[in-house]
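Trainee: I'm new to this structure and would like a close look at one part of it. Pick a charged group that meets a ring, then walk me outward from there.

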Amino acid sequence: MDLTAKPHRCLLAIVDHGTYAAAAQAMAVSQPALSAMIKELERQIGFALFDRSGRRAILTASGHRYLDYARRLVVETEWISRAARDIRLDAVHLGTAHHSQLIPKRNALIDRFVSENPDQALVITNHYQTRLVEELAAQRIDIAIGLEPDVRGEVSHLDGERTDHLVRHVLGYRSVGLLVPAEDSLAIHEIVPEALLAHRTVLSIGRQNGIFVSEVIARWMNSIGAERRRAPEGDAAGVLRHAAVIRSPAIELGWFRPAPAANSGEMHYRAVAGSPPTIALVAMRDRRALRGAAQRFWDYIVEQPCDAFLRK
């Protein structure tokens with residue numbers, strides 16, 4: 001099996017460079033060897049790829065139709081080769097919520113593991129929260145880390161039937177709070193009473209942070225009479241950034257302090273008295289057995305203590 005797709009790479013090089021000579025130089029092969037690979041490829045597929053009547057390499061009509069498939073094949077072989085390498089190296093595939101790079105506890109956990117296991121390959125991919133469960137189920141990732149609401153003391157998803165195949169470990173809990181402009185009247189309170197949020201417009205998160213998270217936040221805001229306003233970017237970090245620009249109070253999920261620097265003025269974090277939602281930082285894995293390195297990383301995660309900073 002050819003995991004290099006070299007004949008197709010040569011085809012693309014000829015198209016990109018315009019001549020056999022330039023393509024051969026780019027591919028670090030002799031021009032006769034490149035020409036032979038293209039002729040053999042043409043023999044296998046049953047039609048000519050290039051019109052050889054001129055000095056430049058001009059694709060035939062059939063070659064034009066075939067070109068997109070050749071590009072796709074090259075990309076696919078790169079993915080296959082990368083997957084084979086990762087399996088061979090026993091790489092750990094970690095999926096994280098795209099905004100989680102701003103969560104200090106998440107970063108500290110990963111950084112410590114990397115520093116303590118410098119020879120272990122770790123591949124991190126970022127997805128929206130709702131995609132993480134799908135990636136775990138398809139075994140495209142080994143472990144996921146994201147934010148979930150804590151409802152009645154149990155971390156859960158809106159669609160529980162689709163997540164009963166998961167094992168979870170909670171790394172910590174935080175109460176939802178506010179990011180408030182320094183000039184706003186709410187800023188004088190170290191802990192803002194829920195009653196002061198009635199009829200106040202507050203920037204809130206969108207579904208990019210997870211459907212269940214956004215709905216729990218929405219229900220709480222409705223229950224205290226706060227008026228929700230959408231930000232141009234609905235993820236947790238984007239909401240805080242926009243709040244600094246338009247000088248508006250905004251929902252802070254508890255995990256993003258200190259807030260991003262605001263060029264347009266100082267912003268303050270404020271806790272909320274009453275019963276704000278609790279958001280958990282959660283590691284997840286499928287119930288199916290993990291490979292060796294992934295299991296070791298999971299064991300490392302489970303060893304981490306769970307901490308809680310809650311306001312009730």
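Mentor: Let's start at W298: the charged end of R285 sits over its ring, 5.8 Å from the centre. That label applies when NZ of Lys or CZ of Arg is within 6 Å of the ring centre and within 35 degrees of the ring normal. There's another case at W255, where R174 lies over the ring face at 3.9 Å from the centre.

Before going on, keep in mind that this is a predicted model: local features need pLDDT of at least 70 and side-chain atom pairs pLDDT 80 or more, while totals for chains, interfaces and linings use all residues. Numbering runs from 1 along each chain as its sequence is written, and side-chain values use heavy atoms, leaving out hydrogens and water.

Now look at rings that meet other rings. F113, F297 and Y300 are joined into a cluster by ring pairs (Phe, Tyr or six-membered Trp rings with centres within 6.5 Å; planes under 30 degrees apart are stacked, over 60 edge-to-face, the rest tilted). Y300 also turns up in the surroundings of R112: leaving out residues up to four places away in sequence, R112 touches Y300 and Q304 (touching, or contact, means heavy atoms within 4.5 Å). You'll find R112 in helix 5, residues 104-116 (helices are DSSP runs of H or I, at least four residues, and strands are E runs of at least two, numbered from the N terminus). R112 counts as partly exposed because its relative accessibility is 35% (buried is under 20%, exposed over 50%, partly exposed in between, with a 1.4 Å probe and protein chains only).

F297 from that ring cluster leads us inside. The largest nonpolar core has 50 residues, and F297 is one of those touching the most other members, along with L178, L197, I251 and L253 (a core is a set of buried Ala, Val, Leu, Ile, Met, Phe, Trp, Tyr and Cys joined through side-chain atoms within 4.5 Å). Helix 9, residues 292-302, supplies the largest share of this core, with six residues. For a feel of the packing, take L197: beyond its neighbours within four places in sequence, it is in contact with L178, L186, V192, W220, I224, G225, A226 and V272.

There is also a second, separate core of 21 residues, with L34, L41, Y66 and L67 among them.

Let's move to another set of rings. The structure has four aromatic pairs, and one of them joins Y20 to F50 edge-to-face, with 5.9 Å between centres and 70 degrees between planes. This pair links distant parts of the chain, as Y20 sits in helix 2 (residues 20-27) and F50 in strand 1 (residues 50-51), 30 residues apart. Both Y20 and F50 are buried.

F50 has a charged residue against it too. E42 touches F47, A48, L49, F50 and R52, again not counting residues up to four places away in sequence. E42 belongs to helix 3, residues 31-45, and it counts as buried because its relative accessible area is 10%.

Finally, step back to the whole protein. It has nine helices and 15 strands, and 46% of its 312 residues are buried. Among contacts with a separation of 6 or more, 75% are between residues 24 or more positions apart. The Y20 and F50 pair, 30 residues apart, is a handy example to keep in view when you trace the chain.
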